[in-house]
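Good morning, and thank you for joining this meeting. I would like to walk through one structure with you, beginning with a single residue and then widening the view. Please look at the display before I continue.

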Amino acid sequence: MGISAKSFTFNGTSSSSFDVVLVSFDTTSNTDTYKKDIIQDNITSYRHTTSVRGVKYSSPIQLSVDICKENSDWFTEQEYSSLVRWLSTSSPKLLSFSSCSNPNFNGVHFYAVCSSLTRFENYGNVAGLQLIFDTTAPYAYSDEDDIETQCTTSTTLTVNNTSDEEDDYYPIVTIKSLDNQDVSIVNNTDDNRSMTVTMVKDQTIIFNYDDGTCTDNTGIFKLDDFNLNWLRLVPGNNQLMVIGNCEVTIHCEFPRLVGGY
């Protein structure tokens, strides 16, 4: 999908700092919101219908970005080298766009790698570049939102799962314990499903379901200290109860179906 926007930010740096603008070298565009494949049995001479086993996304989003110099001049070799160094990351980095012509791309971000860089040349001079970004998911993510609460014995809060997918969402949860205790987060909306962990005073643990990691500042955390019920948010409003003397941060980046191919 080609992106029309004022600028883009990749790995913490804006394209505007390189005095480039986004243009379009291709008049074609792709407007599919997403594409899914149906997993099903084959039709045979004995069975004329199929059984659907599931549905999966076809592939992560791929984005095309065309750029040229703001003053329409050629890129110098030094400018070209600076752009290559900026874009040549070895792992996915945060990618976002500013003032997009497609409003669905405003207020969202991706995690992507610049997988291809094509030079558009005129008599050996670099007039423009086409960048291809391969993202890590078949959707974008909403702006980051941290829901924070402080608790001495117990407290309640509401977290709204606004994901475009009608599915459960697993946020990143950070718990700082202010005592030696068991800390629990109970989702009353999810049949009172409880995430419980045994902690010591001043211990901070970050629970990342997507990575399958529990990061502990003390180094003493064991899986036996955790009941392995990662905090799960069902679609819509979730009524949560935090139990314990602790500080809790729930980090959300909800999926947004914005397009790609």
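Is Ile 172 buried, partly exposed or exposed? Ile 172 has a relative accessibility of 26%, and because buried means under 20% and exposed over 50%, Ile 172 counts as partly exposed. Please keep in mind that we are discussing a predicted model.

Ile 172 belongs to strand 13, which covers residues 172-177. Leaving aside residues up to four places away in sequence, Ile 172 touches Ile 206, Phe 207 and Asn 208, as well as Thr 249, Ile 250 and His 251. From Ile 172 to Cys 214 the C-alpha to C-alpha separation is 10.0 Å, with their positions 42 residues apart in sequence.

Before going further, a word on confidence. The protein chain has an average pLDDT of 88, and 85% of the residues score at least 70. Residues 27-34, however, have a pLDDT below 50, and this stretch makes 13 contacts in the model beyond near neighbours in sequence.

Let me turn to the aromatic residues. How many aromatic pairs does a search of the whole structure find? The search finds 17. One of them joins Phe 8 and Phe 97, whose ring centres are 6.1 Å apart with 40° between the planes, a tilted pair. Phe 8 is in strand 1 (residues 7-10) and Phe 97 is in strand 7 (residues 93-98), so this pair ties together parts of the chain that are 89 residues apart in sequence. Phe 8 and Phe 97 are both buried.

Why is the pair of Phe 18 and Trp 86 described as stacked? The ring centres are 4.7 Å apart and the planes meet at 20°, so the pair counts as stacked. This pair also links distant parts of the chain, 68 residues apart: Phe 18 is in the loop between strand 2 (13-14) and strand 3 (20-23), while Trp 86 is in helix 1 (residues 77-87). Phe 18 is partly exposed, at 22% relative accessible area, whereas Trp 86 is buried, at 8%.

These four residues belong to one aromatic cluster, which is formed by Phe 8, Phe 10, Phe 18, Trp 86, Phe 97, Phe 105, Phe 110 and Phe 133.

Charged side chains also sit over rings. The charged end of Arg 119 is placed over the ring of Tyr 80, 4.4 Å from the ring centre. Lys 69 lies over the face of Phe 75, and here the distance to the ring centre is 5.9 Å.

Next, the strands. Which strands form the open sheet of 4 strands? Their order is 12-18-14-15, and the pairing is antiparallel. Strand 12 (154-161) and strand 15 are the edge strands, each pairing on one side only. From one strand to the next, the twist averages 20°. Strand 12 and strand 18 pair over 8 bridges, and Asn 160 has Asn 237 in strand 18 as its bridge partner.

I will finish with the backbone. Most residues other than glycine have a negative phi. Asn 192, in the loop between strand 14 (181-187) and strand 15 (193-199), has a positive phi near 60°. Leu 228 has a positive phi near 65°, and its place is in the loop between strand 17 (213-216) and strand 18 (236-243). At 48% relative accessibility, Leu 228 counts as partly exposed.

Definitions and conventions:
Residues are numbered from 1 along each chain as its sequence is written. This is a predicted model: local features need pLDDT of at least 70, side-chain atom pairs count only at pLDDT 80 or more; totals for chains, interfaces and linings use all residues. Side-chain values use heavy atoms; hydrogens and water are left out. Rings of Phe, Tyr and Trp (its six-membered ring) pair if their centres lie within 6.5 Å; planes under 30 degrees apart count as stacked, over 60 as edge-to-face and the rest as tilted. Helices (H or I, at least four residues) and strands (E, at least two) are DSSP runs, numbered from the N terminus. Buried means under 20% relative accessible area, exposed over 50%, partly exposed in between (1.4 Å probe, protein chains only). A charge sits over a ring if NZ of Lys or CZ of Arg is within 6 Å of the ring centre and within 35 degrees of the ring normal. pLDDT is the predictor's confidence in each residue, from 0 to 100. Contact means heavy atoms within 4.5 Å. Two strands pair if DSSP finds at least two bridges between them. Axes are lines fitted to C-alpha atoms, for helices over the stretch in contact, and angles run from 0 to 180 degrees between N-to-C directions.
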